[in-house]
Amino acid sequence: MAAHSAVTRAKETPEEWFARHARGELGAFERLVDHFHGPIQAYLARCGLSATERDDLSQEIFLRLHASAARYHPSRPARVWVFTIAANCARSFFRHRRVRNRTPALEHLPPPSPLPDAADVHEAQQTAQRLQQALERLP
């Protein structure tokens, strides 16, 4: 019986592993990770990510695969679904990295002035006066 089980498991597809994982069967997700870890790492390397970034993003991809396993439909190719999620994660990573790179680092900003100068005080007083007048005109 053990040999039959091993043969049956050897013929299982990623589509079946997703279905089994969605049903809560232990070991199914581990099979998915084992099967897709190398290809996902290779894809992320082709995207130009460092080893650390690839490891971090791989974890994010597998977390998303786990969280969305119930929405996977076995009639769709698992590889396409996995790499759609991987591509979306990579795009999100690059989008966030681009925003971080455009945001100036705090050490490059001039230090804040401890006290406002006369022009700032005058502008604040004028703004307060205009606001007070506008409030007084309200019904």
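A nonpolar core is a set of buried Ala, Val, Leu, Ile, Met, Phe, Trp, Tyr and Cys residues joined through side-chain atoms within 4.5 Å. In this predicted model, the largest such core has 22 residues. The chain has six helices and zero strands. Salt bridges and aromatic pairs are covered below, after the fold and the core.

**Overall fold**

- Along the sequence, the pattern reads α-α-α-α-α-α.
- The chain has 139 residues, and 25% of them count as buried.
- Among contacts with a separation of 6 or more, 57% come from residues 24 or more positions apart.
- The exposed area of the chain is about 10,200 Å². Carbon and sulfur atoms supply 59% of that area.

**Nonpolar core**

- In soluble globular proteins, nonpolar side chains tend to be buried together.
- Within the 22-residue core, the residues with the most contacts are F18, F36, I40, L57, I61 and L65.
- Four helices each supply at least two core residues: α2 (14–22), α3 (28–46), α4 (51–67) and α5 (78–102).
- Helix α5 gives the most, with nine residues.
- F18 touches L32, L65, Y72, A78, W81 and V82, leaving aside residues up to four places away in sequence.

**Aromatic pairs**

- A pair of aromatic rings is described by the distance of the centres and the angle of the planes.
- The structure has six aromatic pairs.
- The F29 and F62 rings have their centres 6.4 Å apart and their planes at 85°. Angles over 60 degrees count as edge-to-face, so this pair is edge-to-face.
- F29 lies in helix α3 and F62 in helix α4. The pair therefore ties together parts that are 33 residues apart in sequence.
- Both partners are buried: F29 has 18% relative accessibility, and F62 has 9%.
- Y72 and W81 form a tilted pair, with 4.9 Å centre to centre and 45° between the planes.
- Y72 is buried at 7% relative accessible area. W81 is buried too, at 14%.
- F18 joins Y72 and W81 in one aromatic cluster. Y72 and W81 are also among the residues that F18 touches.

**Salt bridges**

- Side chains of opposite charge can pair when their charged atoms come close.
- The structure holds five salt bridges.
- R20 takes part in a salt bridge with E12, where the closest N and O atoms are 2.7 Å apart.
- R20 also bridges to E25, with the closest N and O atoms 2.8 Å apart.
- R23 pairs with E25 as well, at 3.0 Å between the closest N and O atoms.
- Shared partners join E12, R20, R23 and E25 into one network.
- Burial varies across these residues. R20 is buried at 8% relative accessible area, and E12 is buried at 16%. E25 is partly exposed at 32%. R23 is exposed at 56%.

**Cysteines**

- The whole structure contains zero disulfides.
- C47 counts as partly exposed, because its relative accessibility is 28% and the partly exposed class lies between the 20% and 50% cut-offs.
- C89 counts as buried, with 2% relative accessibility.

Key
Residues numbered from 1 in each chain as written. Predicted model: local features only at pLDDT ≥ 70, side-chain atom pairs only at ≥ 80, totals over all residues. Heavy atoms only, no water. Buried < 20%, exposed > 50% of the residue type's maximum accessible area, 1.4 Å probe, protein only. Contact = heavy atoms within 4.5 Å. Areas by Shrake-Rupley, 256 points an atom, 1.4 Å probe, with all protein chains shown as cover. Disulfide = S-S within 2.5 Å. Salt bridge = Lys/Arg side-chain N within 4 Å of Asp/Glu carboxyl O. Phe/Tyr/Trp six-rings, centres within 6.5 Å; stacked < 30°, edge-to-face > 60°.
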